[in-house]
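Thank you all for coming. I would like to take a few minutes to walk through one model with you, moving from its sheet to its ligand and then to a pair of hairpins.

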Amino acid sequence: MTELLTAAQMRSLETAAIESGEVTGLELMERAGRGVVEAVFEEWPAYRNAPQSVAILCGPGNNGGDGFVVARLLYGKGWQVGVFLCGDPEKLPPDAKTNYELWVADGPVAELSEKALRAMPYTLYIDALFGTGLTRPLEGAAKDVISHMAGRNGDDFSDALICIDAPSGLCTDSGRIVGSDSSGFANDINRFAKLTVAFDSPKAGHFIGHGPGLCGKLVVKDIGLQNWRCFQPSKNAKPGSRPFVLRDGKAVGILRPQMLELIGPDRLVDDIRYRYQPGWPWDSLGKAGWGNHKYSHGHALILSGGAGKTGAARLAARGALRIGAGVVTLGVPPVAQMEVAGQITALMLRRIEDASALTAVLADKRITALCLGPGMGIDQRGEALVKAALEARGFHPPYEGRSVVLDADALTLISQDEALFGMLHERCILTPHAGEFARLFPDIAAKLTAPAVSGPAYSKVDATREAAKRAGCVVLFKGPDTVIAAPSGACRISSAHYARAAPWLATAGSGDVLAGFITGLLARGFAPMQAAETAAWLHVDCALAFGPGLIAEDLPETLPAVLRALEV
Ligand SMILES: NC(=O)C1=CN([C@@H]2O[C@H](COP(=O)(O)OP(=O)(O)OC[C@H]3O[C@@H](n4cnc5c(N)ncnc54)[C@H](O)[C@@H]3O)[C@@H](O)[C@H]2O)[C@@H](O)CC1
Ligand SMILES: [K+]
């Protein structure tokens, strides 16, 4: 896991460090600048001993201050450095001003303009205009220059551009571009920089929205702030439980960098703590310790659509079985019974004609998780099934109640019927993609798609949290930047970007398998949030392990190898 910080949290962390008296803002800025230079040499090792030319675009705040540090350091290594400032040097904040003055002793500063920048070509360009302090749309010279670098004039800077902390114009909390006209990024929203160098921790905006497309490659440089974070297990941790923590920058427990954790919005002291997670799934993904009876691994019931529409549910069922549910039953309407019977082996088949049949089946308390939606249809039968499923809240130790995954058509049904929506409970999980999300939560989706007029902008994280709170259950908002939130505000991002980019996961049926993975884990007794985040993570892992050419059927079949690699 990687903890993600908001801009406000990052500022609080920096303030805490500076107020302790052990480090100054100037030192932090120096470390940030040094981190950028290191990242440049790591990306272009040949330049270590072959000084090049670089244009450094500095903004009016501390992001610009980092730029002056980089200018001084590269100049000291023999580089030809052009520095362009956007803003009044007299109004720079103190640390940036100090670094401005240090640079002025070495070389000139030109006023930023597209014309000045175009006067000569440089090997590299460094965007130090705005970072975590962006609060409003780019304008004037900054906007001209950024849109030029984004390809407005047909030039392509994307192999030569390094962003300090973030591409300027991108909101680091939301990954959205601040400004109604995309502040010049409109040409190609997925191509801008080669490299983005962030400090201490990645920010959510690096992983969601337009962030990953614009950042290029993301490198996070340590600037020595760990001592001002508290990564202790909580007081409630059981003795002997495995810590899942970082201390003094070193992993002292299991650290899974692939899952990204976003912790609370603003309060540093409590929220920045790495929360101890009792019963964290890695311990229980394997079957060890669960008892040997198949029912001790849970029983999942997946409801199928009618004839010719059973494929989606079969995919989900296969996913649930592979992820370790002890028993998986497909509930099929009589018309589809023959079709399904011919296609399944380890799965069980149960005839479920209508809602009363479902209610009768659910009298079996061993059924611990349900999945409704894939291929189910949005007719009256579907609606009645969803109602029956939400009513039948079985309880069977060790489970805390029957869980229900609502996907695809089931989401459409609850979006059309307030009474059904009102029946959602804390053991439900909704798994909408963007279209389904907009049907379910039109007002929230509208906030997400309305132009971001100021920063920090309303984000997919905000939207998913708000949706989870309203629904009273976990919401997994799908996409390459899947966001999962609980009504409590707990939130995870499972981002298929950077080293985890798996574009071939966008294939028909892949969402059905994800619903099946979640259902299988729920059947096994995982809490909804754990089930959703673990399934989302493993889903991407399966795609990465399989590689291009993947079709949805491959996902469950790749899971055993993925689980083996986890040694669970
Ligand atoms: N917070 C930290 O721990 C550290 C921050 N550092 C750097 O400092 C940056 C944050 O610095 P600042 O808070 O000064 O913010 P920025 O440098 O990102 O922005 C500068 C100022 O410009 C103004 N502004 C915002 N949007 C504008 C717009 N569209 N047009 C014109 N002016 C606008 C705001 O008043 C903002 O304070 C980070 O991104 C990072 O690069 C580093 O020096 C290292 C440590
Ligand atoms: K920047």
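What follows is a short tour in three parts.

Please keep in mind throughout that this is a predicted model, and that everything I describe has been computed from it.

Let me begin with the sheet, which is open and is built from seven strands in the order 4-3-2-5-6-7-8, with parallel pairing. At its edges lie strand 4, residues 109-111, and strand 8, residues 217-221, each of which pairs on one side only. Neighbouring strands here are turned against each other by 25° on average, if direction is ignored. Helix 2 packs on this sheet, where it touches strand 6, strand 7 and strand 8, and the direction of helix 2 makes about 145° with that of strand 7. Within the sheet, strand 2, residues 53-58, is joined to strand 5, residues 124-128, by five bridges in the parallel sense, and cysteine 58 is found opposite alanine 128 of strand 5.

Now to the ligand. Around ligand 1 there are 29 residues, of which Glu14, Gly61, Asn62, Gly131 and Gly133 come nearest. Helix 2 appears again here, since helix 1, helix 2 and helix 3 each supply at least two residues of the shell around ligand 1, and the largest share, five residues, comes from helix 3, which spans 62-76. Sorted by class, that shell has 13 nonpolar, 10 polar and six charged residues.

The last part concerns strand 19, residues 481-485, and I would put one question to you: why is this strand described as largely enclosed by the rest of the structure? The reason is that five of its five residues are buried, so strand 19 is largely enclosed. As a general point, side chains in a regular strand alternate between the two faces of the sheet. In strand 19, Asp481, Val483 and Ala485 point one way while Thr482 and Ile484 point the other way, and all of them are buried.

Strand 19 also takes part in two hairpins. With strand 18, residues 474-477, it pairs in the antiparallel sense over three bridges, leucine 476 standing opposite isoleucine 484; three residues lie between these strands, and glycine 479 in that hairpin takes a positive phi near 155°. With strand 20, residues 491-495, strand 19 runs antiparallel and is joined by five bridges, and alanine 485 has cysteine 491 as its bridge partner. Five residues separate strand 19 and strand 20 in their hairpin, where glycine 489 in the turn has a positive phi of about 105°.

Terms used: Residues numbered from 1 in each chain as written. Chains lettered and ligands numbered in written order. Predicted model: local features only at pLDDT ≥ 70, side-chain atom pairs only at ≥ 80, totals over all residues. Buried ≥ 20, exposed ≤ 12 C-beta atoms within 10 Å, placed from the backbone. Helix = DSSP H or I, 4+ residues; strand = E, 2+ residues; numbered from the N terminus. Pairing = 2+ DSSP bridges. Near = placed C-beta within 6 Å. Nonpolar A, V, L, I, M, F, W, Y, C, P; charged D, E, K, R; others polar. Axes fitted to C-alpha atoms, helices over the stretch in contact; angles between N-to-C directions. Contact = placed C-beta atoms within 7 Å.
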